[in-house]
Every structure is written in structure tokens, then in C-alpha cells.
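Dear colleague,

I am handing over the structure below, and after it I set out what was found on aromatic pairs and on helix packing. Please read the notes with the structure open beside them.

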Amino acid sequence: GEEFMQFLSSLPADVAGPDMEFEEILESALDLTAAKAFAGMPEDVLRSTYAEWREQAWILATDTARLWLRSCQLLTGCENIVPGSADFGALIQRLNGEDVRWRRLAVRPSQQAILLEERLLEMKERRQKGKSAIDEDVGGDE
């Protein structure tokens, strides 16, 4: 199982992602050489290794999407959008069209919603802190 885990971990994200099913991974990622290397391994070992790799890959994909959201210019001025609203759903769709790091999570819409809600809240808090700091500066001069 360890060799298969190393193989899966070595694949580029555009070849094998956590959004792919076991069969898709085998089809797209296993060339003849790799297929021969894993031919003797029981399928249940391959599947359990794949499941373990996939969970790790989801964590990485989520962290990557979270980092991308922090640099995403599309969110400028969106901090007052209400989670669960039509505007919130439209923003998720706009983000899906923008970048693969976000789109990879499209098969987990609840995860996308959590990440976007966290980021909008972060932006709102930062804006409020910025305003209160300015208010204190102005008030402190009198």
C-alpha cells in the first residue's frame, strides 16, 4: 500500500485530484509501467490506500482553496453578502469559473460555502477594525 500511496502523492493535481473516483484515478493515472507495478496488489489494499490518499488530498485542496481566497480580487467589496443568499450562490459560481484551486472543491459545495463564509467574515472584521482604528486616531487628537 505504501508504494501506491507514494505513487498517488507524486501525481500532478491535474492528473489526479480528490474529486476523482478510484476508477478514474486508475484510468487516467496508471500507465502500463505503473499498472504492472501494482498488478499483484489486492484491490482492497489499493482502494483503502486510495481512500487514505483522497482524505489527505481533500485537506490539501481545502487549504489551497482557502489560501487562494485570501488573494482573490473578485471578493473585493463582497464582505456584506449574506451566506445562503442568491448573491452568495452566484459568487460561488463566479469563483468556480475563476480558478481550478476553487473549482476542485465544487463537488463539495458545503465545503466551498464554509470557506467563503469564513473569508467574507474575515474581510468584514478586518474592515471594521480598520474603521475603528481610524475613528480612534481621529478622536485621539482632540
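Phe7 and Phe38 are both buried (under 20% relative accessible area, with over 50% counted as exposed and the range in between as partly exposed, using a 1.4 Å probe and protein chains only). This is a predicted model, in which local features need pLDDT of at least 70 and side-chain atom pairs count only at pLDDT 80 or more, while totals for chains, interfaces and linings use all residues. Residues are numbered from 1 along each chain as its sequence is written, and side-chain values use heavy atoms, with hydrogens and water left out.

Rings of Phe, Tyr and Trp (its six-membered ring) pair if their centres lie within 6.5 Å, and planes under 30 degrees apart count as stacked, over 60 as edge-to-face and the rest as tilted; by this rule there are six aromatic pairs. The rings of Phe7 and Phe38 have centres 5.4 Å apart and planes at 55°, so this pair is tilted. Phe7 lies in helix H1 (residues 2-10) and Phe38 in helix H3 (residues 32-38), so the pair ties together parts 31 residues apart in sequence; helices here are DSSP runs (H or I, at least four residues), numbered from the N terminus. Phe4, Phe7 and Phe38 form one aromatic cluster.

For Phe22 and Tyr50, the ring centres are 5.4 Å apart and the planes at 65°, so the pair is edge-to-face. Phe22 sits in helix H2 (residues 22-29) and Tyr50 in helix H4 (residues 43-71), 28 residues apart. Phe22 counts as buried at 4% relative accessibility, and Tyr50 counts as buried at 6%.

Best regards

Technical notes
Helix = DSSP H or I, 4+ residues; strand = E, 2+ residues; numbered from the N terminus.
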